[in-house]
Structure formats: C-alpha cells, structure tokens
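Here are my notes on the model, set out as numbered points for you to read beside the coordinates.

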Amino acid sequence: MSTIEDARAPGEGARRRPPEPLVPEGERRVSANVCQAAGCLSMQSDLVLGALRDRVEAAGLSDVAVRRVGCLGLCAAGPLVEVPELGRLFDHVQPDDGAALDSLVTTLSGGEPGGQAMAKEPFFSHQVKVVLERCGQVDPERVEDYLDAGGYEALTKTVTTMSPEEVIAEVVRSGLRGRGGAGYPTGLKWTTVAKATSHDGKFVVCNADEGDPGAFMDRSVLESCPQQVLEGMAIAGYAVGAQHGYVYVRAEYPLAVKRLNSAIRQAERSGFLGKQIAGTDFEFHVEVRIGAGAFVCGEETALLASIQGGRGTPRPRPPYPAASGLWGRPTLINNVETYANVPPVVMRGGEWYGSIGTGKSKGTKVFALAGAVVNTGLIEVPMGLSLRQIVFDIGGGLVGGKKFKAVQTGGPSGGCLPEELLDMPIDYESLAQAGSHMGSGGMIVMDESTCMVDVAKYFMDFCREESCGKCLPCRAGTVQMYGLLDKITRGRGTRHDLDTLQSLAEMVRTTSLCGLGQGAPNPVFSTLRYFRDEYLAHIDDHTCPAGACRLDGGER
Amino acid sequence: MSDEVRTLVIDGRDVAGASGQSILSVAEESGVFIPALCHLAGLSEVGSCRLCMVEVEGTARLVASCVTAVEEGMKVTTTSERLLAYRRRAIELLFMERNHVCSVCVADNHCELQELAKTLGVTHFELPPLHPACDVDATHERFVLDHNRCILCARCVRVCDEIEGAHTWDIRGRGTGARLISDLGKPWGESTTCTSCGKCVQVCPTGALYEKGRSVAEGKRHRPYVPFLVATNALGTGRQL
Amino acid sequence: MTAEHKARVATTWLDGCSGCHMSLLDMDERLLEVAERVELVYGCLVDAKEFPEDVDVTLVEGAVSSEEDLRKIREVRARTRVLVSLGDCAVTANVPGMRNPFGPGPVLERAYLENVTLNAQIPHGAVPALLAESLPVHAYVPVDVFVPGCPPSADLIFSVIMDLVEGRLPQVQGTARFG
C-alpha cells in the first residue's frame, strides 16, 4: 500500500498512486461483487458474501476476489452478485442455495456460465452513470478502492491546479442544478456563498435527510460510495472558502452513517480530509450529524437549526443560508447527489456534463424506481428521457401486466402524472408544468388498482404527521385537508367538501412558511387535475373506481 | 443596521420607514391595520401565524409583512379579496384546532382571536373542529395554562426568554401535537426557572394563560404594559431584520 | 314582501339555553315594530304544535345534539325559505359541543350516574338519544344566514329580522362576534 506521503505529492496526489492489486496476480483475475447495500442486505446478501468466500476459498480459486460492493441497482432481483469481467449479473442469489452458489463458483473458475445469470437489458439500457459510476464497483468501506477507481483525483486537481473561481466557473458551465428537489442552479449558489464575507469562517453542509416515501437515492449513494460525496464537499469547501462541513443524515440510515463515518476517517488518514489536503494549505474537516426522525429537517433552515442543537423548525427566509446559515455564518447547503456530481464535473469539465441532458436540465438524475413496476431499483438516467422509457423500458413495465395508471414523482410535495404524460421528457421545467416536480428522485409507479384519492390522502397523512407545527396553515391545514380526503374516500364527501378542499389547499400552498407546507397540497392538486373523475365517483356515486377504498357511505 | 430612510407605498399611501424595518412595523406606525397574532411589537418575530401576509407588487408570492423588510419604492397591498379569504381561513383553522368556546372563556371580550374573527367578518366555520384532548395546568400558585385556548403563537416563549430572561416556556412536539411546556415538560408550579413575573399572561392573545381567580370574561390584560416591552427590548423594535 | 303581507317567521330551539330567545325579547318596544311586519307562526313563544309549511324565515337557536334535534331541523329546513342560525350554539355548537371530545357515553354517565344520589339511571325512551357529536346546524342542513353571538345582541337580532322581512340579506360581518 502506498503511503500518505505519496498521496500528498504536490500536483499529482492520488493519480500517481500505483494501483494496488485487489488479489494476487494470476492467470485470470475475476471478481465477484456482492451487493452490500441496504436493499440486498435485507435479503441476507451478507450471508451470500460469506458463503461465496468460503466456497471460493475451498475451491482454491486464488485468482477470484469476492468483494463487498455498494448498490448494483436492480434491487427487485436481489441479492445480486456481479462478475464484471464476464459482464454477468446473478440475481436472487440465496445464501442457502448450495446448487446456485456452486454454479456461480463454476462460472468464476472459468467453467460454463451458471444458469442463473440474468440479462442486463433492458434495465441497464438508457442508463448513464455519473453519480453512480463507482457504486457497485468499489468497496464502500475501503478508500483504496475509491482511489483505484480514480477517486480524489478531482479534489487533487482542484486544490493543486485550480483557483476557487475556476472551480465555480466549471460548476456554472456544467449547468448542474440542485438535486434535492428545487433545482436551484448549483453554480449560482456556490457563487453567492463564495462572495459572502465572513470573518469567522463559512460552512459546507450536505443534506442527507432524505425522507420522501419511496426514495432511497441518497441512502444508496452514501452506502455505496460515500467518498465521492465527501470529495464533492471538499471541492465545494475549497470553492466557497469553507473549512468545515457537516453531513446531516437521518438516523433511519444506520448503515449509511457507519460507512460515512468510516469514509471520513479513511479520507483523513489518506490526506483528503483534514489539514494540508493533497499537500496544500487547504484544510477541510467533515462531521456527521444525525437527525432525530423529523422529515421537516430536510428543509434547509430546519436542518441548520437541528445541527445547531435547536428544535428542527424552519424560519422565514431571507436571510438565506448562503448569507446567514450555521451560527449566522455563510453556509452552502447541497444535497448528497449534487455533491456526488461535482468530482466528475471537475474531472471531465462542465462542458462534458452540460452535453448530457436537455435545455435547462443538464446531466443525469438518479431515481429510486418503486411501486408496481417489475424492475424496482436505483437508476441513473440522462435528463430528458421520457417517463415511458423509465417505466416500460428500464422498469420493465408493470407487475402482473396490470394497466398503468400514474407515476408519482417528487415525494409528498410532488404530483401524480397520468398516462397521457408518459411521453413527457423528465426535466425540471416539464415536471413543474405538469403539476409535479423533480423532487429528490423518488418515483412511484401505480397501477389500475390504486385509487388516486387514496394516494392524495396517503401523502396528506404523511404531511400532517411531519408538519413541525410552527406555522398555522401547515399545522392545522394539513390535518383538515386529511379529514376532507378521508371523508371523501369513505363516500361521505360532498361537492361542497371538494370546493372547501380546493380552497384550503390553495391557502396552505400560498401562506405556509416553508416548503413542506407549501408543497403539501400538491398531491391534491395533481390528482384533482388528472383524476377529478375519481373524486366525483366517490362523492356522487359512492364508489371507488379502483376498488381500493372501503366506502361506508351514508349521510351524516 | 443603518437607519437610512426607505420610502414606499402601502395601500396607495406614501409612507416612510427605516432600512431593515418590517413592513408590518411601518404599517403600524402609519396607522395601517394588518392583522397578526404571533407578532407583538417588542418581541422578536417568528412569522408563524401567517395572518399578516401581504401582496407586494412585482412579487408573485405573498410575503409575511412581519419578517419582510421595507424596500425603496415597494408597493404593498394589505387588503384584497384573496388576502381576506386566506385570513378568514386562518382564523377558522385556529378556532377549529383546539377547543375555543368564547362564551365560557376567561378571555371573552378581551381576546385577540375573538376580536380578529369579528374584524375579518368570520361568522361561521365550514371545517369540523378537531376537538383534541387538552390539559389544563393549574399547578402554579398564581396562574393557569389552559391548552384548550393556546394558538401556539409563542409570544409567551419569547417574552419569557427575551425580556424576563428566564426561558421557562418552550414548545414540545410537532404538528397539531405541539404543546407549550414549562421547564422541559415539568408542571408550571414545579418550574425552577419561572419567576412568576406574569409577563406571559399579559402578552397571551387568548385565554390560554390567565391569572387564577378570574372567571369568564374577567381575563382582562394590562395593555399599557405592551409599549413598555418595546422600550425595553432592543430586539423588538421591528428593525432587527 | 309588503307591509300588508306579513312575513311568516318561526323560531325554534334545539340544544341551547334559550338565551338567544331572551335576547330576542330584549329588543323591548321594538317588538311592536317587528310585530307589524311579522307573523310569528311557530316557536316557543307561540302555541303551535306542528311546524307549519311555507315559512319565510326561521331563526334556529341551539346545536344539533340529539336525534330529535336532527328530525326537527330537517323538517324546519324543508318548510323554510330562509334559515337563520341564531347564536353560537347554532353556528358553532358552542357549549353543547364541549362534550364532543368525550363522546356521549361518559357525558351521560357523568350527568345521570356520577352526580346523582337517588335512583341513578341513564334514561332511555323518555328523552331523545344523543348523537355521537353535538354539531352546528349547517353540519346537517344548508343555512342561509349566520348570526354568531352568545347571545347575539337584541340590536343585531332586530336588524337581521328587519333586513330579512324587507328582502335584504343581513350583513352581520364586522358586527357580530363569537361569545
């Protein structure tokens, strides 16, 4: 293993580092990458890893490396084992299925490919990996793996050859926009924080308080390649003039927290965090802060309050965190995925990044594809791909061949898009125009058995639970909207209730203090816009067209 | 914060304020009424009741006038059909959230919520009452906290923290489950930080905090007390934005 | 409506304390003025057993708390052109609604068992059954005019009645107050 001094060689850094052999050199080198992210782990992929190691060892295959890697994407088919050298992916590998494991070992030893290998298409067609480039390839708990995969080259390049202005210019050129949901131009945000004056420091904060139902993009990135996020943060720190960073992770992601903490320690040991990064005077320290189970702490001002030890409630803006954030100092807040985009942008240039995607939405977007679709999992696609391509090509269509009804994007503040919009390109503007938004990347596919009023009720239930209670419209308005939706799904609603719901939704959207309240009515608006007939069926005919609601009918 | 003059138009009237001063504060000084419940001159702003939202020309969104600084040339509209509808709805949400029964309330006839409902022309409610089970804390020897009437404006929290310096009050829980608490949830009477100064009782807009021994409609506040707050609290001049 | 043709006005009393009716009487000599324009066809001030058909205006006091209240208000609504919710109980359920967080069971027990020393029993049959919740009138039937107040002042009731008999929609906004 090379020393820290190697890594700190001025101007060269990690790039000069000789790649460390993964396994002793042999005639053939093959690796079996066993997914150890939460999805596959929940199906005992840790036991698969152990069992496979035992068998490979027993078979004396010294040229086979059985490795722990992050998310391989196709969560629906887990536990997954990939043999990249053969371009093969093995699905549903059970730890106690001796025959399957044996056939896998046969494949690894150069024998006939085992029967279980699955076609990598069409799930992987249309995908472009930028954020997830190293997910599923590197061991998330070994910085050496990350370095071998070209990790920290961008940071080294940044601090040794670029000025902060040049870094920001590159980010501006890339057209990268905030991946947390709002889509604010990242370069502009960085510029603002860089220009803010502060005599006692600035902060860089990574928002990993992912909380949308069905969304697991940030978790997967942190579990699969935490170093890439840290590298992005360090580059941001250099660009805006901050020496301290915080990653705010929700407590429900223990594995992400563990891997993040280990990644920070290893990055510090390797000289990519801490003092004298890559042999320069630049220093950047990162600490992890863990949430306490409040969705609203994903809102930036609530998140900052929580980091400072206060109640996680939002405050009115301005001042924006860029001017007055943590402890009143200029603070850059970006999402996990945004930071993970930064190293590739710096390495390959903003122009390259801007060549991916469409119009005002550049680059790729990671989505957590969930719901009634065959291939649920983690995907990364170029902006501008159509919903149809995602749902039917990548997603493989609907489970059981059922009829498509809607796809929900953007979490509790997003919307439900109907079949008519399947050919709409996925970008910030199109989604907003259709009454949804990009959100952080949750994408839930719904089939004909889903009642859209019930869906609106589900999300409203979520919002009323998660409202912090500070501002009145969100605190009481979400509860009242839930009550009206509940009444309608029980077949007791009236046309007047529908009008009240609509005017209340308008009021909550317009007057709430933060994004949670402002966005809470969106599922109501989008379902009313595209599925109004379902509301009317509950009200006028006392029936649920999808057959999902239990109507007890009757008048009051 | 510099004290440069900013001239602006509120409801067609030319008015002037200091840089950094809130729209609401300038409106108050100019005799323009903007409804508000969490705002109280003399205390810092939280911007949570959302009643004071106004329209600003050139801005698509409504802004909370208590936390928005005046700007040169700003054109502010404080009353419109839309604003009135939202404000009425806000009053309705408050009335329906806890158990407000004006006719048997200690603050009847001395209540800012009741008065605002009248001023804004709220004559009935469309939404159903939530009827939460709420406690009454009568453990303090001189005062009572009745959660049935609390609107979570946090005036008491701020006056206790910013003026009295005790920070006995805070808020626990979230959503409609949020509750005012003394000393991390101890009964008020067992609070070791409360100085029994009674400031919280004086600033409470409803009948949530009142003096023991007062019956229905007897909970009159000592309103002359309020300007005193403004004078003593440097934070609360409306110019700290 | 002209002076010759008197408006047919009724009052009714659901779950309330009769305070709104008292306030109505509080208009003193103006009652004569009202009497010139109004024929009182039903209410606790009149000896009529059946709620008549074809009523121009009905003033309802009280919340809907029992099955009998509900039967009554539906009948009233069907036979009335302009229905007025008079007072906080009719408008918001007010004091009767204070039982809602507990439900009718505990309320009956409290009233008829816990606080009774002799012959404690929950009546059935003799008094109408309570509904699960005590609710404002407009929770069950459409209401045309809301007059909050506990009680609304005699002045307010007078102006509401006079507005209605003269064919105007009463404007109580900004004047009427809860409590």
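1. Among contacts in chain C between residues at least 6 apart in sequence, what percentage join residues at least 24 apart? In this predicted model, the share in chain C comes to 82%. For chain A, where the same sequence separations apply, 74% of the contacts between residues at least 6 apart join residues at least 24 apart.

2. Chain C holds six helices and seven strands, and when these are read along the sequence they follow the pattern β-α-α-β-β-β-α-β-α-α-β-β-α. Its radius of gyration is 17 Å, which agrees with the value near 16 Å that a compact globule of 179 residues would have. The C-alpha trace of chain C spans about 55 × 35 × 30 Å along its principal axes, and 42% of the 179 residues of this chain count as buried.

3. Chain A has a secondary structure of 21 helices and 16 strands. Its radius of gyration, 24 Å, is close to the 24 Å given by the globule rule for 556 residues, so chain A is as compact as a globular protein of that length. Along the principal axes, the C-alpha trace of chain A spans about 80 × 65 × 40 Å, while buried residues make up 58% of the 556 residues in the chain.

4. One element of chain A that deserves a careful look is an open sheet of five strands, which has mixed pairing and the order E13-E12-E16-E14-E15. Strand E13 (377-382) and strand E15 of chain A stand at the edges, and each has a single partner strand, so one side of each is left without a neighbour in the sheet. Neighbouring strands of this sheet are turned by 30° against each other on average, if direction is ignored. Helix H15 (residues 387-394) of chain A packs on the sheet, where it touches strand E12 (364-371) together with E13, E14, E15 and E16 of chain A; the direction of H15 makes about 115° with that of E14(A).

5. Within that sheet, how many residues of strand E14 (residues 404-409) of chain A are buried? Six of its six residues are buried, and the strand is thus described as mostly covered. E14(A) runs antiparallel to strand E16 (residues 442-447) of chain A, to which five bridges join it, and E14(A) also runs antiparallel to strand E15 (residues 415-418) of chain A, with four bridges between the two.

6. Individual bridge partners can be followed from E14(A) into both of these strands. Ala406(A) has Met446(A) as its bridge partner in E16(A). Gln408(A) has a bridge partner on either hand, namely Ile444(A) in E16(A) and Cys416(A) in E15(A). The hairpin of E14(A) and E15(A) has five residues between the strands, and in this hairpin Gly410(A) takes a positive phi near 85°.

7. A helix pair elsewhere in chain A can be described in similar detail. The axes of helix H6 (residues 153-161) and helix H10 (residues 226-240) of chain A come within 9 Å and cross at roughly 10°, and that crossing angle makes H6(A) roughly parallel to H10(A). On the H6(A) side the contact involves Ala154(A), Leu155(A), Thr158(A) and Val159(A), which meet Glu231(A), Ala234(A), Ile235(A) and Tyr238(A) in H10(A). By class, the residues in the contact of H6(A) with H10(A) are six nonpolar, one polar and one charged.

8. Turning to the contact between chain A and chain B, 23 residues come from chain A and 24 residues from chain B. Helix H17 (452-466), helix H18 (472-489) and helix H19 (495-511) of chain A each supply at least two residues of the side of chain A that touches chain B, and the largest share of that side, eight residues, comes from H18(A). Sorted by class, the side of chain A that touches chain B has 11 nonpolar, eight polar and four charged residues.

9. The contact of chain B with chain C takes 19 residues from chain B and 21 residues from chain C. The residues on the side of chain B that touches chain C divide into eight nonpolar, nine polar and two charged.

Definitions and conventions: Residues are numbered from 1 along each chain as its sequence is written. Chains are lettered from A and ligands numbered from 1 in the order in which they are written. This is a predicted model: local features need pLDDT of at least 70, side-chain atom pairs count only at pLDDT 80 or more; totals for chains, interfaces and linings use all residues. A residue is buried if 20 or more other C-beta atoms lie within 10 Å of its own, exposed if 12 or fewer, and partly exposed in between; C-beta atoms are placed from the backbone. Two strands pair if DSSP finds at least two bridges between them. Two residues are in contact if their C-beta atoms, placed from the backbone, lie within 7 Å. Ala, Val, Leu, Ile, Met, Phe, Trp, Tyr, Cys and Pro count as nonpolar, Asp, Glu, Lys and Arg as charged, and the others, Gly among them, as polar. Axes are lines fitted to C-alpha atoms, for helices over the stretch in contact, and angles run from 0 to 180 degrees between N-to-C directions. Angles under 35 degrees count as roughly parallel, over 145 as roughly antiparallel, 65 to 115 as roughly perpendicular and the rest as oblique. The radius of gyration is taken over C-alpha atoms; the globule rule is 2.2 Å times the number of residues to the power 0.38.
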